[in-house]
Amino acid sequence: MSFSSVPDLIIEPVIRNALMEDLGSYGDVTTRAVIPAEMTYTAHLNARADAIVSGMKVARIAFHLVDPKLKITTHIADGNPCKDGQTLMTIEGSAASILSGERVALNFAGLLTGIASMTASFVAETAGTDARVTCTRKTTPGLRLLQKLAVLHGGGFNHRYSLSDAILIKDNHIAAAGGVRNVLEATKAHASHMMAVEIEVDRLDQLAEVLDVGGASVVLLDNMSNEMLREAVTLVNGRIKTEASGNVTKDRISSIAATGVDYISSGALTHSAPNVDLGLDF
């Protein structure tokens, strides 16, 4: 999925809700009090750190929801690198409209640029391997689409978007259903042949049982040491895809990738990425 392929119509409700939250019941009372309605200005959305840009499309929609007459020029598009001090976007038109949309546009852009930048730093650590870095469903409620698209801007890949996308059998499913064999047999009996199946294991004997029973196309190797990951990859021997998850840090990800796993998933990409400082300068 590319960000440019997602219609504005799908993104707009999230941004509209954020604007309604910020404008409250009476709108921007400060701006109305001190800025003449006829005043026009040119504002520059500037980076205050080196980063991978994300959220420019979101910022544009935010400003246009406030005032469709604003002229907006994007200088560095989503998915591209920027340097500290570079101008990412120029907004021209009503000064009052620009000021009223400023905070929502910057909140989104700073958050999403942070996610894209952290993802890019993780991806860089996997260079020379075939491992793909993916996000998870550990996203901010209501912002999942935007956060997962920011991961794509950083060069990462998306895990399932929602509970309805694929079958992912976790440890609690296994415990509740009575074991690996039970959950896999039940899945084979009831799941659509079109639905991908992944199962989580945290021990090699569980992995051996998964391979014996069959029915899964991906195995999630949860919180395993690098030594265990290498053993797991050897045991699988290409029969199904392998995904490492748990305790994935920037310092460790290169060694995880070197074990030969196909995917490395990290919730930190969306729940712990630091905000990138962006500013709107008049």
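In the predicted model, an open sheet is formed by 4 strands, arranged in the order β3-β5-β1-β12 with antiparallel pairing. The edge positions are taken by β3 (71-74) and β12 (278-281); each has a single partner strand, so one side of each is left without a neighbour in the sheet. From one strand to the next, the twist averages 15°. Within this sheet, strand β1 (residues 40-47) and strand β5 (residues 87-94) run antiparallel and are joined by 7 bridges. One of the paired positions is T40, whose bridge partner in β5 is S94. Helix α3 (residues 56-66) packs on the sheet and touches β1, β3, β5 and β12. The direction of α3 makes about 10° with that of β5.

Helix α3 also meets a second helix. Two packed helices are described by the angle between their axes and the distance between the axes. For helix α1 (residues 8-23) and α3, the axes come within 9 Å and cross at roughly 65°. This crossing of α1 and α3 is right-handed. On the α1 side, the contact is made by D8, I11, E12, I15, R16 and L19. These residues meet K57, V58, R60, I61, A62, L65 and V66 of α3. By residue class, the contact of α1 with α3 comprises 8 nonpolar and 5 charged residues, with no polar ones.

A separate set of pairings centres on strand β8. Strands of a sheet pair through backbone hydrogen bonds, either parallel or antiparallel. Strand β7 (residues 167-169) pairs with β8 in the parallel sense over 3 bridges, and L168 stands opposite E198 in β8. Strand β9 (residues 218-222) also runs parallel to β8, the two being joined by 4 bridges. In that pairing, E200 has L220 of β9 as its bridge partner. The connection between these strands includes helix α8 (residues 204-213): β8, α8 and β9 make a right-handed β-α-β unit.

Strand β8 (residues 197-201) has 5 of its 5 residues buried, so the strand is largely enclosed by the rest of the structure. Both faces of β8 are covered. V197, I199 and V201 are buried on one side, and E198 and E200 are buried on the other. The charged positions E198 and E200 are thus accounted for on one face, and each also appears in a strand pairing, E198 opposite L168 and E200 with L220.

Contacts of β8 extend to helix α7 (residues 180-190), in which V180 lies. V180 has 4% relative accessibility and counts as buried, because the cut-off for burial is under 20%. Not counting residues up to four places away in sequence, V180 touches I174, I199, Q206, E209 and V210. Among these, I199 is one of the buried residues of β8, while Q206, E209 and V210 fall within the range of α8 (residues 204-213). V180 and Q206 are 26 residues apart along the chain, and their C-alpha atoms are separated by 7.0 Å.

Taken as a whole, the protein contains 11 helices and 12 strands. The C-alpha trace spans about 75 × 40 × 25 Å along its principal axes. Of the 282 residues, 48% count as buried. Among contacts between residues at least 6 apart in sequence, 70% join residues at least 24 apart.

Technical notes. Residues numbered from 1 in each chain as written. Predicted model: local features only at pLDDT ≥ 70, side-chain atom pairs only at ≥ 80, totals over all residues. Heavy atoms only, no water. Pairing = 2+ DSSP bridges. Axes fitted to C-alpha atoms, helices over the stretch in contact; angles between N-to-C directions. Contact = heavy atoms within 4.5 Å. Buried < 20%, exposed > 50% of the residue type's maximum accessible area, 1.4 Å probe, protein only. Right-handed = clockwise from strand over helix to strand, strands pointing away. Left-handed = near helix turned anticlockwise from the far one by under 90°.
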